[in-house]
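Visitor: Could you walk me through this one? I have not looked at it before.
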Amino acid sequence: MFADVHSGAAENQSSEVRAGLAEAADDPRADTEFRFLVDSCGVYPLDTRGKILVRGEDRTRWLNGMVTNNVRDLAPDHGLYSFLLNAQGRIQGDLYAFNRGGRVVLDVDRAHAARLMGLFDHYIVMDDVVIEDATDRLAAIGVQGPKARAVLEVAGIAVPELEPLQLASLTWRGVEITLVRAEAWKGEAYEIWLAPESVAALTEALQLSGAVPVGAAAQRLYRMAAGIPLFGEDIRERDLPQETGQERALHFAKGCYVGQEIVERIRSRGQVHRVFSGFEVSAPCAPGDKIEAEGKEVGEITSTANFSGPEESRRIGLGYLRREAFGKVLTVHGAAAKRHELPFQELLQR
């Protein structure tokens with residue numbers, strides 16, 4: 001029965017979110033577990049994700065007018081990544097949308113699910129659209145690494161050929177599951193959506209098949225090495241879509257949606273003044289720290305991470321930098337910083 005269901009403002013993070021980030025950053029196991037995601041196979045609960053169902057005859061037309069990507073032409077059992085904007089073109093949230101035939105399943109950050117549902121409700125007027133929170137009716141497990149497919153098959157899950165963000169309904173030991181191929185930036189990675197009461201058994205089977213448990217800190221290291229911004233940390237409600245560099249969230253020929261005029265205006269002008277970038281930093285810094293060049297503020301750090309290797313440690317950051325500062329000598333609190341093209345591919349090498 002669950003196969004079809006499978007599936008506070010970001011500007012001011014709550015103390016709980018900040019505590020979680022600090023805890024993840026300080027986890028001494030992070031570097032070791034990160035290597036499992038790069039070299040082997042890690043397994044982790046996706047308990048920070050939530051699911052919202054969109055039903056009704058007008059669901060596709062309505063949702064297509066709400067988000068920045070093309071839901072209208074989304075093939076069955078395929079998904080996409082998208083932003084939700086306000087009328088000024090500022091990002092209010094992000095989501096994955098999956099076409100499940102008679103419904104659209106939205107995969108969202110669980111911490112933002114209630115706020116997103118409130119925004120959706122505000123825009124349902126005379127539309128035949130029903131929004132339902134299905135988070136408590138399912139759970140999800142992540143399996144990631146170059147050996148992920150082999151681990152799944154040893155555990156008894158026959159993995160079909162799937163494109164990124166394509167899914168398939170399967171059965172494992174009599175349990176209905178949905179297998180989702182993750183976005184390409186995660187490499188060989190899958191999500192398994194299933195009933196909560198089956199999570200423990202499947203997790204144990206995956207571990208017995210060769211997957212190693214990894215925590216939130218290791219997942220964060222991988223995301224940062226891949227150069228993917230997180231809404232609520234790297235993407236705030238004041239940011240514009242093109243500033244984030246996430247072109248995968250935008251479709252320029254889909255028709256009207258909330259905030260589209262601003263997005264199109266930016267595209268017609270050719271570029272934004274600042275862009276999401278990676279940084280090598282030589283001294284400790286923190287989210288919100290300003291980047292300077294020639295005595296002027298030219299950007300800001302939004303997140304940082306430390307990578308401890310066998311020969312040396314590296315401190316990296318993600319954030320925004322004005323275009324005119326590209327190639328200039330950068331500092332953060334007087335310490336040297338250097339812009340780095342995304343992703344940090346060398347950190348993701350096996």
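Guide: Before any angles, one definition helps: axes are lines fitted to C-alpha atoms, for helices over the stretch in contact, and angles run from 0 to 180 degrees between N-to-C directions. Please also keep in mind that this is a predicted model.

Visitor: Okay, so at what angle do helix 2 and helix 7 pack?
Guide: Helix 2, residues 30–39, packs against helix 7, residues 216–226, at an angle of about 60 degrees, and their axes are 8 Å apart. Because of that angle, helix 2 is oblique to helix 7.

Visitor: Which residues make the contact?
Guide: On helix 2 they are A30, D31, E33, F34, L37 and V38, while helix 7 contributes A217, A218, Q219, L221, Y222 and A225. Sorted by character, the residues of this contact comprise 9 nonpolar, 1 polar and 2 charged.

Visitor: And is the crossing of helix 2 and helix 7 left-handed or right-handed?
Guide: The crossing of these two helices is right-handed.

Visitor: Switching topic, in what order do the strands of the sheet come?
Guide: The open sheet has 5 strands in the order 3-4-5-2-6, with antiparallel pairing. Strand 3 (79–85) and strand 6 (130–133) are at the edges and have a single partner strand each, so one side of each is left without a neighbour in the sheet. From one strand to the next, the twist averages 30 degrees.

Visitor: How many bridges join strand 3 to strand 4?
Guide: There are 7 bridges between strand 3 and strand 4, residues 91–99, and the two run antiparallel. F83, for instance, has D94 in strand 4 as its bridge partner.

Visitor: What about helix 4, which strands does it lie across?
Guide: Helix 4, residues 113–123, lies across strand 2, strand 3, strand 4, strand 5 and strand 6, and runs at about 85 degrees to strand 4.

Terms used: Residues are numbered from 1 along each chain as its sequence is written. This is a predicted model: local features need pLDDT of at least 70, side-chain atom pairs count only at pLDDT 80 or more; totals for chains, interfaces and linings use all residues. Side-chain values use heavy atoms; hydrogens and water are left out. Helices (H or I, at least four residues) and strands (E, at least two) are DSSP runs, numbered from the N terminus. Angles under 35 degrees count as roughly parallel, over 145 as roughly antiparallel, 65 to 115 as roughly perpendicular and the rest as oblique. A crossing is left-handed if the near helix is turned anticlockwise from the far one by less than a right angle, and right-handed if clockwise. Contact means heavy atoms within 4.5 Å. Ala, Val, Leu, Ile, Met, Phe, Trp, Tyr, Cys and Pro count as nonpolar, Asp, Glu, Lys and Arg as charged, and the others, Gly among them, as polar. Two strands pair if DSSP finds at least two bridges between them.
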